[in-house]
Every structure is written in structure tokens, then in C-alpha cells.
Amino acid sequence: MDQPFNLPIDLPDLDLVFVEGGTFVMGDDSSENDFEKPEHSVKVPSFYIGKYAVTQRLWKALVGTNNANFHGEKKPMEEVSWEDAQNFIVKLNRETGKSFRLPTEAEWEYAARGGQYSQKYLYAGSDKLKQVGWYFENSGGETHEVGLLMGNELGIHDMSGNIYEWCEDYFHDSYQNAPNDGSAWIDQPEQIPRHTLRGGGYFEDAVKCRSIHRIALWPARRNVFTGFRLVLSMQTES
């Protein structure tokens with residue numbers, strides 16, 4: 001569902017898709033990467049997620065500036081740290097009266113895999129990455145406007161390739177002892193934690209654009225490949 005709520009201010013590209021909750025197997029025991037193991041069952045409540053990553057014109061409409069490297073109104077906003085994303089969300093919630101947030105890692109993977117409509121594709125919407133994602137073979141070395149390629153089973157776009165997207169969770173070296181309720185995996189580390197990013201990027205090879213792939217960066221780190229996608233919990237929809 002696009003634009004499911006009436007917002008008090010006019011914001012471009014703030015389209016949300018309803019993701020019906022369900023149980024799925026997160027991770028892949030056949031992976032060569034221990035970060036993607038072990039497989040574990042997760043029950044995810046229903047939520048709304050951005051049809052697109054936050055675009056530059058949405059960012060500029062709220063923040064007033066645009067420090068992206070690859071300029072284009074409908075290109076995803078990048079050069080965004082985890083802390084920048086949180087500050088944007090605070091301002092968005094103040095302006096709209098809603099409770100937007102970053103997706104949990106489980107929510108992100110569940111949505112990328114198509115939720116209850118999953119066809120178990122390798123990438124978000126297809127086994128052929130060129131149909132759904134911008135990566136090193138077809139990107140020309142830069143990001144592209146959101147929504148140009150096929151969406152996945154839920155009609156969500158660009159969850160494989162284009163940019164990496166921040167999640168709420170701290171990064172852990174495996175899924176051992178990960179929560180099984182779809183919540184963010186936030187514990188009490190002894191030092192500043194890294195946070196998880198998902199989705200791959202315009203410069204990556206195909207294996208790093210799989211729906212299960214994950215990397216980590218420090219929360220203050222900005223890069224030409226880091227952006228984010230918004231989520232809204234069901235209880236905040238009224």
C-alpha cells in the first residue's frame with residue numbers, strides 16, 4: 001500500500017508498503033560466510049516499509065541540504081551515517097507526529113525475501129540480479145534512480161544493489177543467540193558497536209547483493225554507498 005497515512009506535511013517519495021507478519025528462516029547454513037549463519041526461525045510482526053530507500057529529494061525536503069555524491073532528486077540519499085539516519089528520523093517524526101524508525105535486520109531480510117509471498121529468490125525479487133538491482137555489471141559505477149527496475153514480490157524496489165541500507169541492529173559475527181521475534185539485536189557491548197547494513201551496492205559483485213548478505217560499519221561512518229529505508233510499526237499507523 002502506497003501512502004497509507006495522511007501526513008501533515010507534503011513529503012515526496014515517502015511511499016510505504018504493508019508487510020504482513022509471518023515466520024521465516026533467516027540466514028543460510030550453506031553460505032561460505034559465517035556472518036550469514038546459523039539459519040534460525042524468526043517470527044516478524046506486521047509493519048510498513050519504504051517502497052524505496054530515502055531519496056535525495058525527500059532528504060532535502062526535510063533537511064534542506066544535499067551532500068550526496070551522486071546527485072539526482074530520485075536517486076537514493078547516500079553519504080549517510082547511521083547517526084545521520086537517526087537524526088533525520090527524529091526530525092521526520094517531529095514534523096509528522098509518526099514514529100518512523102530504521103528496520104530491524106530481521107524485518108529488512110523478511111521484506112527483501114518477499115514476506116509471506118516469497119518465491120525464495122536469491123536476490124530481492126528475482127534470481128537474475130539485472131532484473132532487480134544495480135551492481136557493478138550494470139550500474140556504470142554510480143547509483144541510479146529508485147524504482148527503475150522490477151520490484152520484489154511485495155512491490156518493494158532496490159533491496160538488492162544500488163546502496164547499502166542501515167538497520168537498527170548492532171552487528172554480530174554470527175546469528176548465534178539472535179532474537180527470534182523480529183526485534184533489533186541490541187545488547188550492551190563494552191565498546192561503541194558497529195551497526196548492520198544490508199542490500200549490497202552499485203559497485204559490488206552479485207554475491208554481495210543477495211538478500212542474506214550483511215556488512216558492518218561504525219555508526220558515525222559515511223560512505224558513497226550508505227543510505228537507509230524507513231519503517232513504521234503497525235501500532236503507530238493511526
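# Close-up views of a predicted model

**View 1. The end of helix α3 and its enclosure.** Just after α3, Gly114 takes a positive phi of about 100 degrees; this value, like the others in these legends, belongs to a predicted model. Helix α3 itself covers residues 105–112, and because eight of its eight residues are buried, the helix is largely enclosed by the rest of the structure. The buried residues of α3 are Glu105, Ala106, Glu107, Trp108, Glu109, Tyr110, Ala111 and Ala112, a list that includes acidic side chains such as Glu105.

**View 2. Glu105 and its polar partners.** Glu105 lies in helix α3 and counts as buried, because its relative accessibility of 3% falls under the 20% limit. Its side chain is joined to that of Arg214 by a polar contact of 2.5 Å, while a second polar contact, of 3.5 Å, links the side chains of Thr196 and Glu105. When neighbours within four places in sequence are left aside, the residues in contact with Glu105 are Met26, Cys167, Asp169, Tyr175, Thr196, Arg198 and Arg214.

**View 3. Thr196 in strand β7.** Thr196 has its place in strand β7 and is buried, with a relative accessible area of 0%. Beyond its neighbours within four places in sequence, Thr196 is in contact with Glu105, Glu165, Trp166, Cys167, Asp169, Tyr170, Phe171, Arg214 and Ile215. Arg214 therefore appears among the contacts of Thr196 and also among those of Glu105.

**View 4. The mixed sheet that contains β7.** Four strands, in the order β8-β7-β6-β9, make up an open sheet in which the pairing is mixed. Strands β8 (214–217) and β9 (226–227) stand at the edges with a single partner strand each, so one side of each is left without a neighbour in the sheet. Strand β7 (residues 195–198) is joined to β8 by four bridges, and the two run antiparallel; within this pairing, His195 stands opposite Leu217 in β8.

**View 5. Strands β2 and β3.** Strand β2 (residues 22–26) is joined to β3 by five bridges, and the two strands run antiparallel, with Met26 standing opposite His40 in β3. In a regular strand the side chains alternate between the two faces of the sheet. Strand β3 (residues 40–44) shows such an alternation, in that His40, Val42 and Val44 point to one face and are buried, whereas Ser41 and Lys43 point to the other face and are not buried.

**View 6. The antiparallel sheet of β1, β4, β10 and β5.** Another open sheet consists of four strands in the order β1-β4-β10-β5, with antiparallel pairing. Its edge strands are β1 and β5 (100–101), each of which pairs on one side only. Over two bridges, β5 pairs in the antiparallel sense with strand β10 (residues 231–233), and there the bridge partner of Phe100 is Leu232 in β10.

**View 7. The nonpolar cores.** The largest nonpolar core has 28 residues, of which Phe88, Leu92, Phe100, Phe228 and Leu230 touch the most other members. At least two residues of this core are supplied by each of α1 (56–63), α2 (82–96) and β6 (164–170), and α2 gives the most, with five residues. Not counting residues up to four places away in sequence, Leu230 touches Leu14, Tyr48, Ile49, Gly50, Val54, Phe88, Ile89, Leu92, Phe100 and Arg101. Apart from the largest core lies another, of 22 residues, among them Val19, Cys167, Ala178 and Trp185.

**View 8. Asp13 ahead of strand β1.** Asp13 is placed in the segment before β1 (16–19) and is buried, with a relative accessible area of 11%. The side chain of Asp13 makes a polar contact of 2.6 Å with the side chain of Thr55. Residues up to four places away in sequence aside, Asp13 touches Tyr52, Thr55, Arg57, Leu58, Glu73 and Lys74. Asp13 and Ser30, 17 residues apart in sequence, are 37 Å apart in space from C-alpha to C-alpha.

**View 9. The largest pocket.** About 400 Å³ of space lies in the largest pocket, whose lining consists of 17 residues, with Val25, Arg113, Ser118, Lys120 and Tyr121 lying nearest the centre. Strand β2 gives the most to this lining, with three residues.

Definitions and conventions
Residues are numbered from 1 along each chain as its sequence is written. This is a predicted model: local features need pLDDT of at least 70, side-chain atom pairs count only at pLDDT 80 or more; totals for chains, interfaces and linings use all residues. Side-chain values use heavy atoms; hydrogens and water are left out. Two strands pair if DSSP finds at least two bridges between them. Buried means under 20% relative accessible area, exposed over 50%, partly exposed in between (1.4 Å probe, protein chains only). A polar contact is a pair of N or O atoms within 3.5 Å; within protein, one must be able to donate a hydrogen and the other to accept it, and residues adjacent in sequence count only if both atoms are side-chain atoms. Contact means heavy atoms within 4.5 Å. A nonpolar core is a set of buried Ala, Val, Leu, Ile, Met, Phe, Trp, Tyr and Cys residues joined through side-chain atoms within 4.5 Å. On a 1 Å grid over the protein atoms alone, a cavity is a set of points where a 1.4 Å probe fits but cannot get out, and a pocket is an open set with protein on both sides within 12 Å along at least five of seven lines; lining residues have an atom within 4 Å of a point. Grid points are joined across faces, edges and corners, and a volume is the space filled by probe spheres set on the points.
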